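Please open the model in your viewer with the backbone shown as a cartoon, and keep a selection tool and a distance tool at hand. The stops below are meant to be taken in order.

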Amino acid sequence: MDVNNFTFRFWGEVREPTEMTWQQLMTVKHTILTADFHCVTGWSMLETEWGGALVRDVLEAAHVELSTSARFVMAHCTTEFTTNLPLEALLADDTMLVWEWNRLPLTSEHGGPLRLLVPSLYAWKDAKWVSGFEFLTEDRPGFWESRGYHMHGDPWKEERYG
């Protein structure tokens, strides 16, 4: 994906739909986070290091004003992939849009140039090649959730399948 033509979109239950270019995203406060990464198939990577921006900092920089009815978000990708999240998971202290892994640029294989990171949930919620957030009033299943995966995906509750 060519970052010079990259656009991240915000729409749905927002005051006004908006977009952010790659160059604008790169001006958001850079954050380094060490977090565990849990795959639904049963393996984990402990204490992995991610670099990027906290989602709440990105929303602030993009001047996204959520509607009071927004309760969920659907992360959309440059592929057909989508995944759903409760709004509180998206706005958590450790949820990020990441472009670095272990201090190196995130490769396409691992979701680069931009990936969602939600350490509190299973990794299928960490949408690869993420390109936008659709804010919703009601939860709806994304790609894997519509194929039998759990709607929430908490690894500590083993919420693998619905």
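Select Leu116, which you will find in strand β9, and bear in mind throughout that the model is a predicted one. With a relative accessibility of 0%, Leu116 counts as buried. If you then add Thr41 to the selection, the two C-alpha atoms turn out to be separated by 19 Å, with these positions 75 residues apart along the chain.

From Leu116, move back along the chain to the loop between β8 (104-105) and β9 (115-117), where Pro113 lies. Show the backbone atoms here, since the peptide bond that joins Gly112 and Pro113 is cis, with omega at about 20°.

Now zoom out to the whole chain and colour it by secondary structure. The protein has 3 helices and 10 strands, and, read from the N terminus on, its elements follow the order β-β-α-β-β-α-β-β-α-β-β-β-β. Its radius of gyration is 15 Å, close to the 15 Å that the globule rule gives for 162 residues, so the protein is as compact as a globular protein of that length. Turned along its principal axes, the C-alpha trace spans about 35 × 35 × 25 Å, and of the 162 residues 50% count as buried.

With the overall view in place, turn to the largest pocket, for which the computed volume is about 360 Å³. Which residues should be selected to find its centre? Of the 20 residues that line the largest pocket, Phe37, Arg115, Ala123, Trp124 and Lys128 lie nearest its centre. It is helpful to highlight strands β3 (31-38) and β4 (44-54) as well, because each of them supplies at least two residues of the lining, as the selection will show. Sorted by class, the lining of the largest pocket comprises 15 nonpolar, 2 polar and 3 charged residues.

Stay with strand β4 for the next stop and select Glu47, which is found in that strand. Its phi is near 50°, a positive value in a residue other than glycine. Glu47 has a relative accessibility of 64% and therefore counts as exposed, the cut-off for this class being over 50%.

A second residue to examine for its backbone angle is Asn102, which sits in the loop between β7 (96-101) and β8. Phi of Asn102 is likewise positive, near 50°, in a residue that is not glycine. Asn102 counts as partly exposed, at 41% relative accessibility.

Next, select the cysteines Cys39 and Cys77 and display their sulfur atoms. How many disulfides does the structure hold? The structure holds 0 disulfides. Cys39 takes part in none, and the nearest cysteine sulfur, which belongs to Cys77, is 16 Å away. Seen from the other end, the sulfur of Cys77 has its closest cysteine sulfur in Cys39, and at 16 Å this is too far for a bond, given that a disulfide requires the two sulfur atoms to be within 2.5 Å. Are these two cysteines buried or exposed? Cys39 is buried, with a relative accessible area of 17%, and Cys77 also counts as buried, at 9% relative accessibility.

The last part of the tour is the segment after β10 (130-136), where Arg147 lies. Trp144 has its place in the segment after β10 as well, and with a relative accessible area of 33% Trp144 is partly exposed. Add Thr83 to the selection: although Trp144 and Thr83 are 61 residues apart along the chain, their C-alpha atoms are separated by 7.2 Å.

Finish at Arg147, with its side chain shown as sticks. Arg147 is partly exposed, its relative accessible area being 49%. Which backbone oxygen does the side chain of Arg147 reach? The side chain of Arg147 reaches the backbone oxygen of Phe143 at 2.8 Å, and it also makes a polar contact with the side chain of Ser146, at 3.3 Å. For a final distance, select Gly132 together with Arg147: these residues are 15 apart along the chain, and their C-alpha atoms are separated by 22 Å.

Conventions:
Residues are numbered from 1 along each chain as its sequence is written. This is a predicted model: local features need pLDDT of at least 70, side-chain atom pairs count only at pLDDT 80 or more; totals for chains, interfaces and linings use all residues. Side-chain values use heavy atoms; hydrogens and water are left out. Helices (H or I, at least four residues) and strands (E, at least two) are DSSP runs, numbered from the N terminus. Buried means under 20% relative accessible area, exposed over 50%, partly exposed in between (1.4 Å probe, protein chains only). A polar contact is a pair of N or O atoms within 3.5 Å; within protein, one must be able to donate a hydrogen and the other to accept it, and residues adjacent in sequence count only if both atoms are side-chain atoms. On a 1 Å grid over the protein atoms alone, a cavity is a set of points where a 1.4 Å probe fits but cannot get out, and a pocket is an open set with protein on both sides within 12 Å along at least five of seven lines; lining residues have an atom within 4 Å of a point. Grid points are joined across faces, edges and corners, and a volume is the space filled by probe spheres set on the points. Ala, Val, Leu, Ile, Met, Phe, Trp, Tyr, Cys and Pro count as nonpolar, Asp, Glu, Lys and Arg as charged, and the others, Gly among them, as polar. The radius of gyration is taken over C-alpha atoms; the globule rule is 2.2 Å times the number of residues to the power 0.38.
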